[in-house]
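Visitor: I have a model to look through before I set anything up. Could you walk me through it, beginning with the part to treat with care?

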Amino acid sequence: MTTSSNGRPESAVSSAASSGPDRSDMVAGILLMLVAAFFAWQSSGLRIGTTLRMGPGYFPAILSGLLFLLGLITTLKALRSPAGEPVGTIAWRGMIFILPAPVFFGLTVRGLGFVPALFFTSLIAAMASQRMKFHWALLLSVLVTLFSTLVFSYALGLPFRRFGPWLPL
């Protein structure tokens, strides 16, 4: 049995190449194109304008086009490449913690203020990893909050409340 340039036996290489397109890249590319089409459709009623006089629909149209192009490239690459790893199970833990984190931030930043909202948002997002221990998640949240407060509040001087009216400080 001969080996290929990547060190695998020839029979494994030929069977991988003959099993069809890379399904994970195919799914990712199609999802990117669907998301791009959705946002293009949602912003279709907005005036686009020109490059020098951008309307409210200019930026969403450009981003939707770029996202669609990225999805198309990914899909075409999947059609040309041999099958990769099969599409695995859905990472539910990641979705349960990552997706609500920015929603939580958006809903609480005015009431709690920037510092506590960012701390809890970071803590929620950090728990998406099964390998993240709680004490490391706390440390990460403190560091992200400290760094972001220093940069956005002090260095850039952005006008937002560090602590909101919901907290008796």
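**Confidence first**

Guide: Over residues 11–18 the pLDDT stays under 50, and for this stretch the model has 7 contacts beyond four places in sequence. Bear in mind that this is a predicted model. Where pLDDT is low, the predicted coordinates should not be read in detail.

Visitor: Which element of the chain has the highest mean pLDDT?

Guide: For the chain, the mean pLDDT is 87, and 86% of the residues reach 70 or more. Among the elements, the lowest mean, 47, belongs to helix H1 (residues 10–17). At the other end, with a mean of 97, is H6.

Visitor: How many helices and how many strands are there in the chain?

Guide: Happy to count them with you. Along the sequence the pattern reads α-α-α-α-α-α-α. That gives 7 helices and 0 strands.

Visitor: What share of the 169 residues counts as buried?

Guide: Let's start from the outside. The accessible surface of the chain is about 12,100 Å², and carbon and sulfur atoms hold 72% of that. Taking buried as under 20% relative accessible area, the share of the 169 residues that qualifies is 25%.

Visitor: Why do the buried residues of H2 line one face of the helix?

Guide: Helix H2 covers residues 23–42 and reaches 28 Å from its first C-alpha to its last, close to the 28 Å expected at 1.5 Å a residue. Its buried residues are Asp25, Met26, Gly29, Met33 and Ala36. Viewed down the helix axis, these residues line one face because they fall within an arc of 105°.

Visitor: Which helix do the buried residues of H2 pack against?

Guide: First, set aside the face turned away from the buried side, which carries the exposed residues Arg23, Leu34 and Trp41. The buried residues of H2 pack against residues 58–80, helix H3.

Visitor: Which helix gives the largest share of the largest nonpolar core?

Guide: That core has 5 residues: Phe119, Leu123, Ala126, Met127 and Ala137. The largest share is 3 residues, and they come from residues 114–126, helix H6.

Visitor: Which residues does Phe119 touch, leaving out those up to four places away in sequence?

Guide: Phe119 is one of the residues of the largest nonpolar core. With residues up to four places away not counted, Phe119 touches Leu138, Ser141, Val142 and Thr145.

Visitor: And what percentage of the contacts with a separation of 6 or more is between residues 24 or more positions apart?

Guide: Here a contact means heavy atoms within 4.5 Å. Of the contacts in the chain with a separation of 6 or more, the part from residues 24 or more positions apart is 59%.

Key: Residues are numbered from 1 along each chain as its sequence is written. This is a predicted model: local features need pLDDT of at least 70, side-chain atom pairs count only at pLDDT 80 or more; totals for chains, interfaces and linings use all residues. Side-chain values use heavy atoms; hydrogens and water are left out. Helices (H or I, at least four residues) and strands (E, at least two) are DSSP runs, numbered from the N terminus. The expected span of a helix is 1.5 Å times one less than its number of residues. Buried means under 20% relative accessible area, exposed over 50%, partly exposed in between (1.4 Å probe, protein chains only). The arc is that of the directions from the helix axis to the C-beta atoms. A nonpolar core is a set of buried Ala, Val, Leu, Ile, Met, Phe, Trp, Tyr and Cys residues joined through side-chain atoms within 4.5 Å. Accessible areas come from the Shrake-Rupley method with a 1.4 Å probe; for residues, only the protein chains shown count as cover. pLDDT is the predictor's confidence in each residue, from 0 to 100.
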